[in-house]
Amino acid sequence: MLERKKVGLALGGGGARGIAHIGVLKALEKHKIPIDFISGTSIGALIGAMYSAQPNAKKLEKEILETKWQDLFDYKIPSDGLIKGMKIEKFLEEKLDKLKFNQLKIPLFVTSYDLEKKQEVIFQKGDVAAAIRASISIPGIFVPAENSGRLLVDGGIVDLIPVEILRKKGAESIIAVNADYIREKKPILGQNSVPSYGKRKIPGIIHTLTKSLQVIEAEASKTELSISRPDLLINLNLEEIPTLDFSNMKKLIRKGELATNRTIKQLKKLTNPNPIKEILEGISSIPLVKGVEKNIGKVAEDIRELAVGKSSPADKS
């Protein structure tokens, strides 16, 4: 019997926009797409951890929708951050029941970044809730997390959608979900500069900071994904949703589900065993007569392209 490919799911950051990851998980479950590994950054790490603990997307959806997210933000006078993070850490401890990584039902990899050593840190052992607290520490918004003697912030600084760790751990097909996608706009050229003080309402510090970070992350994810090249990229166009606005969770989940449903044929092609490919790989290992080898090799390559298909295009919802 042919073995199916091992599937890795990389869930990116994006604050509230990352709630759409639940819709992705719902669609994968509905169409029986297996998940063998999960990696996550920031909100992607949070959703990934809760799902890895109990792989049931509908139950996860119910828990997330019942959560009063604004009550978890313990704002403070800014010096080391605008949000202490103590309330959300307590929430994580309760939801994850002090689980360790080796107790999760799906292997999980959580990214964070060491501010002092300027180095990415990927958790795969120890306390899950503490790792998530580090991964969601958006610089300037959350107070950095102390963990294992390190001062850690959001892993999205260097690894917004952690694809490579999945490859290193044995994933053969990798699905990446980008909740920070922004449609590209042409720059405005030749703009006339005219002072207009007081004509526009200046937004608050949190709005300005999170909007700026959203754009930075969107640009960074383009570069990162062009290098890591997941087998399938699901781009979620959620640019109108502010980073800390959890008032549209049902809409976000639905968007994630619809975007994933549009990729199901590609997903099944990526994750199912490919008997033609395996036969071709077997043929390629048999010594061939020199005069025939070149022609057979070309035919085999043509068949392989038909069987495997070309790189999957990004979905833009």
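The buried residues of helix α1 pack against a varied set of elements, namely strand β1, helix α2 (43-53), helix α3, strand β7 (173-181), helix α8 and helix α9 (264-271). In this predicted model, α1 is mostly covered, with 8 of its 10 residues counted as buried. These buried positions are His21, Ile22, Gly23, Val24, Leu25, Lys26, Ala27 and Leu28, a list that includes the charged residue Lys26 as well as nonpolar residues such as Ile22 and Val24. Just after α1, Lys32 adopts a positive phi of about 60°.

The loop that leads from β1 (7-11) to α1 (21-30) contains Ile19. With a relative accessibility of 0%, Ile19 counts as buried. When residues up to four places away in sequence are left aside, Ile19 touches Ile43, Ile47, Ile64, Trp69, Phe246, Met249, Leu252 and Ile253. Between Ile19 and Ile43, which lie 24 residues apart along the chain, the C-alpha atoms are separated by 7.5 Å.

Several of the residues touched by Ile19, among them Ile64, Met249 and Ile253, also take part in the packing of helix α3 with helix α8. Helix α3 comprises residues 57-66 and helix α8 residues 249-261, and the two pack at an angle of about 150° with their axes 10 Å apart. Since angles over 145 degrees count as roughly antiparallel, α3 and α8 are therefore roughly antiparallel to each other. The crossing of these two helices is right-handed. On the side of α3 the contact is made by Glu61, Ile64 and Leu65, and on the side of α8 by Met249, Lys250 and Ile253. Sorted by class, the residues in this contact of α3 with α8 comprise 4 nonpolar and 2 charged residues, with no polar ones.

A further helix pair is formed by α2 and α4, whose axes come within 10 Å and cross at roughly 20°. That angle makes α2 roughly parallel to α4, and α2 passes α4 in a right-handed crossing. Leu46, Ala49, Met50 and Ala53 of α2 make the contact together with Leu92, Lys95 and Leu96 of α4. By class, the contact of α2 with α4 has 6 nonpolar residues, 1 charged residue and no polar residues.

Helix α4 (residues 86-96) is also packed with helix α5 (residues 128-135), the axes of the two coming within 9 Å and crossing at roughly 145°. As in the pair of α2 and α4, the passage of α4 by α5 is a right-handed crossing. In this contact, Ile88, Glu89, Leu92, Glu93 and Leu96 of α4 meet Val128, Ala129, Ile132 and Arg133 of α5. The residues of the contact of α4 with α5 divide into 6 nonpolar and 3 charged, with no polar residue among them. Leu92 and Leu96 of α4 thus appear in the contact with α5, and these two leucines also appear in the contact with α2.

Helix α5 also holds Ala134, which is buried, with a relative accessible area of 0%. Beyond residues up to four places away in sequence, Ala134 touches Ser112, Phe123, Ala145, Leu152, Val153 and Asp154. The C-alpha atoms of Ala134 and Ala45, which are 89 residues apart along the chain, are separated by 9.9 Å.

A buried residue is also found in helix α7 (residues 205-228), where Gln214 has its place. At 4% relative accessibility, Gln214 counts as buried. Apart from residues up to four places away in sequence, Gln214 touches Arg17, Asp180, Ile182, Leu238, Glu239 and Ile241.

For the protein taken as a whole, 11 helices and 9 strands are assigned. Of its 317 residues, 47% count as buried. The accessible surface comes to about 17300 Å², with 56% of that area belonging to carbon and sulfur atoms. Among the contacts with a separation of 6 or more, 78% are accounted for by residues 24 or more positions apart.

Methods:
Residues are numbered from 1 along each chain as its sequence is written. This is a predicted model: local features need pLDDT of at least 70, side-chain atom pairs count only at pLDDT 80 or more; totals for chains, interfaces and linings use all residues. Side-chain values use heavy atoms; hydrogens and water are left out. Helices (H or I, at least four residues) and strands (E, at least two) are DSSP runs, numbered from the N terminus. Buried means under 20% relative accessible area, exposed over 50%, partly exposed in between (1.4 Å probe, protein chains only). Contact means heavy atoms within 4.5 Å. Accessible areas come from the Shrake-Rupley method with a 1.4 Å probe; for residues, only the protein chains shown count as cover. Axes are lines fitted to C-alpha atoms, for helices over the stretch in contact, and angles run from 0 to 180 degrees between N-to-C directions. Angles under 35 degrees count as roughly parallel, over 145 as roughly antiparallel, 65 to 115 as roughly perpendicular and the rest as oblique. A crossing is left-handed if the near helix is turned anticlockwise from the far one by less than a right angle, and right-handed if clockwise.
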